Each structure stands twice: as structure tokens, then as C-alpha cells.
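Colleague: I would like to go through this model with you and test the labels. Please set each value against its definition.

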Amino acid sequence: MDVTAAGNESFVIGVDYGTLSGRAVVVRVRDGKEVGSGVFEYPHAVVSEALPADTAGSNTIRLPKEWALQVPNDYRDVLRNAVPAAIADAGIDASAVVGIATDFTACTMVPVKADGTPLNELPEFANRPHAYVKLWRHHAAQTQADRITSLADEWGESWLPRYGGLISSEWEFAKGLELLEDDPEAYAAMDRWVEAADWIVWQLCGNYVRNACTAGYKGIYQDGNYPSEEFLAALNPGFKDFVSAKLEHTIGRLGDAAGYLTAEAAAWTGLPEGIAVAVGNVDAHVTAPAAKAVAPGQLVAIMGTSTCHVMNGSELREVPGMCGVVDGGIVDGLWGYEAGQSGVGDIFGWFVKYGVPPEYHEAAAALGLGIHEYLTRLASDQAIGEHGLIALDWHSGNRSVLVDHELSGVVVGQTLATRPEDIYRALLEATAYGTRTIVEAFRDSGVPVREFIVAGGLLKNELLMQIYADITGLQLSTIGSSQGPALGSAIHAAVAAGRYPDIRAAAAAMGSAPGAVYTPIPDNVAAYEELFREYRVLHDYFGRGTNDVMHRLKAIQRKVRPGLGAVGPAAEVDAAERAEEVSA
């Protein structure tokens, strides 16, 4: 965009922090037009094998399975690189930018000192795994999550039904308790246990404000209260003051300004000092306004490495296995519901990396196709059910509706005739079955789902989108923007800068027009109905206690490889390969 063409236009910046990279987009305030973007890949990506030598020193500190860490300075580097790149791409004068907002993966936690310095940046903690960022897909706190759920159920805690009756290992309290019990020294040194969504805002404006979204969905903050000190002490005496000493802080309303850009952050980004910095938010939840999906019954699925499902409802309902329901969690005046699947694109990426033979990669390259495109082309030629397979999409555990990260993936029906494209299609279908399970949980609990809207990188796979429409029986529309979360953040920035009175008004003016629309095909819907019944048999058999073989296998694995459940200062064990972020 030519600078001279901008005239008196004003712009906002939205920054989307994903699993492997940060994306900045420059958006025109009056109509939401995206005029420039920039991307910066985290230099350390996901730390799941060993602490990086450039931060932890020369002694190799290896990590157990189920661990997923990040390096917080990578997040600052997004501000230093992606934001200036987006401004340059837009061709505008930075002085025309009036606000900036960010969104983040969640629950991604940073242990910090009182001034916001991450523990891993202190020399004495640089080689301590628990001093690093715990990424959303860090699943090593399942034991702590189970204890929290069990005690809350035993005590009849009123907040437990708001989370579908189960607390996830991905969330703030389970990860905090794991930190206390695995590395008490690091826990004691930590002054604040901070969502990355709030930490990056702190870096931008110098103020620590806890956003209402993650406090409610990930921090068990309901009706103005956290779990009591008596409850926390019953989990572990040392955990009694976790809320008052480490967690509790001023709650900021979504769309409000947390503060104003500091001189230091202005130097990083090239933006004007003093512009509005919006209260932090979650990548999925900011996408709803970007899709103009702020009315009750509009289910938005943000599909990438994982999938997060968010939807507004006019009434409070208890939905089994949900990630949470929060008053004003998406927009003021409505109950925001969240559900999710821990692995989607990650599963597809894992399969093509480890389950597809070289000749398939060679054939794809010969046709000028990526391996995902090639497998999709082969799979699209199949009739529904032709491969004879049913898969469970639990390779990264189950977030909703079972909330159990000790569960694992299954493929039933393989024979010597099974080919990679068969398994690939079965995995695509399995994730759609998982989404239908979530939709049915909403409906069965009195929360109607009237529309299904998809955002995220996976919407580019037309076969996958049609499979989702056929399996859910819902017309599926895709968001027109390829940067849904970043656009959603930009909408919040415009509100924080005072250019719109609220999120609804900003979404109406700046939200994206719909993209492609997929209508369920009646014959396909009928064919998948039979297969979905088989999926639910397997789902309940392995996931609801009939056969706990997956839990027993995890226990055997830990017994064979001691230390898998805990990492202290000197732990050294083998680690899992990092799944790739993919856009199938």
C-alpha cells in the first residue's frame, strides 16, 4: 500500500502468537482491510528434547515425554521483527498506527520475578527446565490435574461444573502444582505465575494486567473467586497461598487498554510511543469477532496444530468435558463457551513425518505437490468407508470431552493391504468425529449450535472441510481472512484505542467476510452416520473406563523410564520428537 494513499487513515496492529511463530498484521481501522503482514518463526521453536544450549549452557539437560517448553525472548523477537516487517509490507507511515493488541496460545505459562523477568533469564535458573515457559501442550501435569479434579468433586466445589467436571493438565493450577512439587526452589523463586498472553502485554506497556479470558478459562476464576486456600492446602500444604502469592492480580476487561506503548517497546517495533496496548487475549477467542461470530450459537473452530472451539451462549449451562464457560469470556453480556482438541494438524504432521514411506514423498515432489496435498488427492478418490478404518484422534491426549491427556491414538482395521492414504484419511475423519462429539455435548446440554465457522491454517484443505461438514451435518463456512487471530487482535486494538465503543461494533465494521462454504452431502452424511457410531463405541470403550489400557501403558512406560513424571535440576532423560506445525 502506498503511503500517500493512506491519507488520514488510521491503522492498528494485531499480533498472533502461535505454537511455532508470531504473525503481525496491519489493519485499517475503518473497514478491517488487511494491508500488510509479517511473520517471525521462534528460533527455539518448541523445546521438547533438551534445553537449548544458547540459554542453558553446555551441559545437556534433557526433557521427559509430555514436556513442551518455550523460550520467552523468542516472543520479544516477534515484536522486533514481525511488526516492523508488517509495517514495511503495508507501506504506511508508522505514525498512522493508533493501537496494538496481541493474542496467544493458552494455557501457556511464564514463571517470572516481580518485575516480569522470566526465571530462565536468571543465570542461576538457566539450566532448570521448570524456569522456562510451559507451552499449552505441556502435558506432564496430568497427575496433578487428576488430583485437583478428584478433590474438587469430593468437596463439591461449585466451580467444577463450569469446566465440564474435569480440570485439564494444560491449565494454570495443574502446571503450578507440578512446578511446586517437581522443583520447589524454582517455585519459591517465582514471584508471579503469568499467562504468556499477559506477559507479552506487560513487555509492551510496562503494566501487568491479567486478562479476563485466561483467568476464567484456564485459571479457575469464577464469580469473582479462585479456589480457596483450604482447597489448595489440601492438595499440598505448600500450595496454600498459590493464588494470593503467585497468581491473583488485577483483571482487565477484553477490549480495554492495559496501558500504553513504552519507549523501549516503541524502539523494538518502530511504532509510536504512547499508543494504546489492549488487554491480552487467547488466539481462539479473538477469532470469533474476526469471523463476525459474536451471536449465540455461532461455533468457531480455529484449526491448526490443535483445534479450539469457541461459542457464545445467552444462558449458563453445564456442558460435560468443556474447557470452560466464562461470563464475558468472548464478548460482554454473553456466556463464552470453550472446547477443544489437543491434536489435529499435529497428528497429520506426525503421520507424514513418521508413517509415510520415501516413495510417496518422491511421487509428491515429481508432481510439484507437498506431501499433505498428495495424500489428500489420493484420499479424495476413496468412497466413504473404503479404507476400512476407524481412528481415535488422541495422539496428544483428549481435551474435550474426556479431558484426559493420558489417552493415546488408535487406528482400528489395518491390514497388509492398508496404504498411507487410507490412514491419512482415517485421521482426517477422526478429528471430524471428535468435533462432532463436542457439538453433540453442547446440544445435549441445551446449548444450541446453529452455525459452524472454521478459521486457521487447515481450512485450505477442501477435502477436510467437506468431511467436517458431512460428519457434523452442519453447513460449514470458512473465514475469508487467512490471519483470523491477528485480525481479531487488531479489532481489539481498535476498541482499546477508542475508535469503536465495543467489540460488537468493531467486529461489524472490521470483521472478515466469509470465504468458502461447504454444504453437507446427504449420501455422505448417511454413510458417516454408521462410521460415527463405531467411533463412539471405541471412544467410550477406551475413554470412559471400560478398558484403561492406555493409562496402564503410560504407567509401564514411566516404570521402564524412571523420571518421566518429574524434572528437577539434574534430570536427564530422552525426549519426544516435536510434532511439526502443518497446514494440511
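Colleague: What share of the chain's residues is buried, and what makes a residue buried?

Modeller: Of the 584 residues in the chain, 62% are buried. Buried means under 20% relative accessible area, exposed means over 50%, and partly exposed lies in between (1.4 Å probe, protein chains only). This is a predicted model, where local features need pLDDT of at least 70, side-chain atom pairs count only at pLDDT 80 or more, and totals for chains, interfaces and linings use all residues. Residues are numbered from 1 along each chain as its sequence is written, and side-chain values use heavy atoms, with hydrogens and water left out.

Colleague: How do you know that the radius of gyration agrees with a compact globule?

Modeller: The rule is 2.2 Å times the number of residues to the power 0.38, and the radius is taken over C-alpha atoms. For 584 residues that gives a value near 25 Å; the chain has 23 Å, so the two agree. The C-alpha trace spans about 65 × 60 × 50 Å along its principal axes.

Colleague: Why is residues 73-90 called a helix, and how does its length check out?

Modeller: Helices are DSSP runs of H or I with at least four residues, strands are runs of E with at least two, and both are numbered from the N terminus. Helix α3 has 18 residues, so it meets that minimum. The expected span is 1.5 Å times one less than the number of residues. That comes to 26 Å, and the end C-alpha atoms are 26 Å apart, which agrees. Gly91 follows α3, with a positive phi near 70°.

Colleague: Why is Arg76 called buried, but Glu121 partly exposed?

Modeller: Arg76 has a relative accessible area of 9%, so it falls under the 20% limit. Glu121 has 34%, so it lies between the two limits.

Colleague: What makes Arg76 and Glu121 a salt bridge?

Modeller: The definition asks for a side-chain nitrogen of Lys or Arg within 4 Å of a carboxyl oxygen of Asp or Glu. The closest N and O atoms of Arg76 and Glu121 are 2.8 Å apart, so the pair qualifies. The partners are 45 residues apart: Arg76 sits in helix α3, Glu121 in the loop between β6 (109-112) and β7 (133-134). The structure holds 26 salt bridges.

Colleague: Which residues are linked with Arg30 in a network of salt bridges?

Modeller: Glu9, Arg28 and Asp31 are linked with Arg30. Glu9 and Arg30 come to 2.6 Å. Asp31 and Arg30 meet at 3.6 Å, N to O, so that pair also passes.

Colleague: What makes β15 and β17 paired strands?

Modeller: Two strands pair if DSSP finds at least two bridges between them. Strands β15 (residues 307-313) and β17 (residues 335-341) have seven, in the antiparallel sense, so they pair. Their open sheet has seven strands in the order β16-β17-β15-β14-β20-β21-β22, with mixed pairing.

Colleague: Why are β16 and β22 at the edges?

Modeller: Each has a single partner strand, so one side of each is left without a neighbour in the sheet.

Colleague: How do you know that Leu402 is buried, and which residues does Leu402 touch?

Modeller: Its relative accessible area is 7%, so Leu402 is buried. Contact means heavy atoms within 4.5 Å. Not counting residues up to four places away in sequence, Leu402 touches Leu166, Trp394, Leu407, His539, Gly543 and Arg544. The C-alpha atoms of Leu402 and Gly543 are separated by 6.8 Å, although their positions lie 141 residues apart along the chain.
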